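Me: I am new to this structure and should be grateful for a close look at a single part of it, a sheet, followed by an account of the parts that can be described alongside it. Please proceed step by step and keep the account connected.

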Amino acid sequence: MKTEMKLLLRALFLSLSLCLLPFAASEIQLGSKLVVGEENASWVSKNGDFALGFFNVPDLPNRFSVGIRFNSQSIPSDQRRVVWVAGAGVSVSDNASYFEFTSDGDLVLFDSSLGVPVWTSKTNRFSVHSVSSVFSSVSSALLGDDGNLVLLNGKEEIVWESFDTPADTLLPNQKLKAFEMLRAASESSRSSYYSLHMVGSGRLELRWESNITFWSSTNHEAVKKRDKVSAVLTPEGALLVSHQDITKPVWSVFGEDHNDTVKFRFLRLDRDGNLRMYSFQESSRSWRTVWQAVENQCRVFATCGSQVCSFNGSGDSQCTCPYNTFASKCLTPYQKLSCKSSFRMVTFENMELYGIYPFNDSVVSPISSLRCKKMCLEDDACTAVTYKNDVEKPQCLIKLTRYVSGYSDPSLSSVSYVKTCLDPVAVDPSKREVVGTVTKKSHSVCLSCLLGVTSTTFVLFLALQVGVIVYVYKRKKKEAVKRAERVRNPKGVVVFSVDEIKEMTNDFEDNIGPKMFKGVMSENELVLVKEIEGALTEERKFRSSAAKIGTMHHKNLAKLEGYCCERGKRFLVYEYAKNGSLLDHHAKNLTWRRRNDVCLSVAKALFYLHSECREFVSHGSLNLGNILIGEEFEAKLTEYGFGSCAADKDVEDFGKMVLALVTGGYEEEWVYREWIEGRGETVVDRSLESGFDVEELERVLRISFWCVQVDERLRPSMGEVVKVLEGTLCVDPPPPPFGCVKSSPSNSSGSGQSLYESVRE
């Protein structure tokens, strides 16, 4: 009787609360489930304007994500845009995968092909397992008429809401709070480079690779309390940046149809890197762009990747490769090692170029056009230059990478010069001519011999042709099966068997590092196969982690092509790295500049894992052996995403890795003693032949010793580490990181010192 009374009171309370909620909504009961492929499987808002359900992932056949989209009957079905996606880029297979509002209050996206959840709202931690705490746990879910999915407890308090976890879109009245971001939708299973950040100072910033800002809003007022700012799209069609303590917006912009009667609007960070405001036009029954952050699309950083952006006759932007039309990738043609003879500079009028991997163009000013071109010719590392004379002082922008992007337009006065080899070019087979001479001679002919030779030759030729056809057919069939298998698996990450791994590596024949092997996939694609300890990772967790890693992308993270998880074995298949692991190179072939670049690259990769992903991701086992060195000696991190440690463990491992890389492996306490007593130069790896930068060495050693502090509370974040290595933050000498080390009295600063007290801008 008491139980029935409680249920009755709860139902009465719920009905009253629904009347008081600031939005109309459609309640979703505990235990509700949406299954991929089921007809009309969706949860719909009360007014019918929004629906939550599965949808096909673009570019990935047979893959599905779950999200909220427009559902109004006034919007054509092909115009019903997705406005929120669970887990951003997470997707599942079409084989009985489902999205469930579980009985313990969790939203769970389950991939049946992997047998594990690939995303959860993590709201069951709010549950209190007590009979008396009726209103403590999540009790219901509601999809509001504003498109917000909320989870409520027994007191009708919001425990979780989709408005707090935006993907690439903001709906009216949805806030982007301080230090939060939008990330553009992934494309062809790759996470986007583009993100929109709500910076604590009150600015909105569009970024590429998280550290290159190519657009920002301009504040009208200075902001002091940085955690109180937020951006919001108003129902009237304005984008505002507001502060809780300031009445008027600190920044605002208005759409073309501001204050017009428009029922549906949204703000989205599009795949091309531009931020746009959209309104639905009832007359045309389509969406119209009413504002965009960057008016000239070609001014969006790297909008064409390593190609050049221009506009066609229709005024639409297009991407072309003006200097390397025959290669599979659009890279500048000059390579120092492959250029056997001389080289020249090819001129491209009305074109600006800039390096993107890395983005480190050096600028020389003032300078003449001839001198700019000559500087590149005389520099073995230079691949191209851009001469700009539309500024106060003419500039020469020097590029040291083959990964170059740019903008071409007749209105530009800039001129770019691209270095090209003058090596001899092989004869074009299509123009090859065979010249022969025929001499007429009179000989007697054996007719029977001629017939015998002809018939024998014909039989052999026929047998050979049949054999070739059978071989080609079997090979194409096998490759087709592999390609199909690649499509069926999540995020383009292939699931291999142990036998396939053995075949790929020719039974582990080519060992290129500790438990690291060279392999060849179908279509002769080189890969790197790495075996990891199976006992350390439970199978379901391993598969779930591999699926999540498929959504990550950063230039300093090795791309995961596939994995193997069977018979107690664990293999990871990564993109191939020509120069193996850092363990093979830390004592040879790496100059001081390259070692310093490796430290910064690894720091950026860890910062991305800790702060730029949708959820915190740890590495857990960082060392020289799981850092790969690519063709251009760029560092790429492997084995990320499978650990479960705290951030400070990664920071400590990073400090130890840097010390090993810089010193060549000297004992850490000895290194600290030498440095603190003023003999820092003695700790540098003696295999370095070209010297080192004393200021950079000091900076690297200081931040490394902060990273390895025994008291983990003193360790910096990876964001601070990146800034120190870039030279944008200064850091004081750290206290002794090891309990048994004693520094000289003149250098002791007290073990209670904090990095936050000693770091200053």
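Reply: The part chosen is an open sheet of four strands, in the order β16-β17-β18-β19, with antiparallel pairing. The model is a predicted one. The edges of this sheet are taken by β16 (181-183) and β19 (212-216); each has a single partner strand, so one side of each is left without a neighbour in the sheet. Direction ignored, neighbouring strands here are turned by 25° against each other on average. In general, the strands of a sheet pair through backbone hydrogen bonds, either parallel or antiparallel.

One pairing within this sheet may be followed residue by residue. Strand β18, residues 204-208, pairs with β19 over four bridges in the antiparallel sense. Within that pairing, L206 has W215 of β19 as its bridge partner.

A cavity comes next. Rolling a probe the size of a water molecule over the atoms shows where empty space is left. A search of the whole structure finds four cavities of 30 Å³ or more, and the second largest of them holds about 50 Å³ of space. Its lining is made up of R183, S192, Y193, E209, S210, H553, H554 and Y608. R183 is thus a lining residue, and its number falls within β16 (181-183), an edge strand of the sheet described above. By character, the lining residues divide into two nonpolar, four polar and two charged.

The lining also includes H553 and H554, and the account now turns to a second sheet. This is an open sheet of six strands in the order β35-β39-β40-β38-β37-β36, and its pairing is mixed. Its edge strands are β35 (494-496) and β36 (511-513), each of which pairs on one side only. From one strand to the next, the twist averages 30°. Inside this sheet, strand β39 (residues 560-566) and strand β40 (residues 569-575) run antiparallel and are joined by six bridges. Y563 stands opposite L572 of β40. A helix accompanies the sheet: α5 (residues 539-549) lies across β35, β38 (526-532), β39 and β40, and runs at about 170° to β39.

Another antiparallel pair is that of strand β21 (residues 238-243) and strand β22 (residues 246-254), joined by five bridges. A238 stands opposite F254 in β22. The two strands form a hairpin, with two residues between them.

Strand β26 brings together a disulfide and two pairings. A disulfide is a covalent bond between the sulfur atoms of two cysteines. The structure holds five disulfides. One of them is formed by C298 and C309, whose sulfur atoms are 2.0 Å apart. The link of C298 and C309 is left-handed, with -70° about the S-S bond. This pair links distant parts of the chain, 11 residues apart: C298 is in the loop between β25 (286-292) and β26 (308-311), while C309 is in strand β26.

On one hand, β26 runs antiparallel to strand β27 (residues 317-320), to which four bridges join it. Here S317 of β27 is the bridge partner of F311. The hairpin of β26 and β27 has five residues between the strands, and in it G315 takes a positive phi near 85°. On the other hand, β26 is joined by two bridges to strand β33 (residues 404-408), and these two run parallel. C309 stands opposite Y407 of β33. C309 therefore has two roles in this description: a disulfide with C298 and a place opposite Y407.Two details of the backbone complete the account. Most residues other than glycine have a negative phi, and most peptide bonds are trans. K122, a residue other than glycine, has a positive phi near 55°; K122 lies in the loop between β10 (116-120) and β11 (138-144). A cis peptide bond, with omega about -10°, joins S365 and P366. P366 is found in the loop between β30 (362-364) and α2 (369-378).

Notes. Residues are numbered from 1 along each chain as its sequence is written. This is a predicted model: local features need pLDDT of at least 70, side-chain atom pairs count only at pLDDT 80 or more; totals for chains, interfaces and linings use all residues. Side-chain values use heavy atoms; hydrogens and water are left out. Two strands pair if DSSP finds at least two bridges between them. Axes are lines fitted to C-alpha atoms, for helices over the stretch in contact, and angles run from 0 to 180 degrees between N-to-C directions. Contact means heavy atoms within 4.5 Å. On a 1 Å grid over the protein atoms alone, a cavity is a set of points where a 1.4 Å probe fits but cannot get out, and a pocket is an open set with protein on both sides within 12 Å along at least five of seven lines; lining residues have an atom within 4 Å of a point. Grid points are joined across faces, edges and corners, and a volume is the space filled by probe spheres set on the points. Ala, Val, Leu, Ile, Met, Phe, Trp, Tyr, Cys and Pro count as nonpolar, Asp, Glu, Lys and Arg as charged, and the others, Gly among them, as polar. A disulfide is a pair of cysteine sulfur atoms within 2.5 Å.
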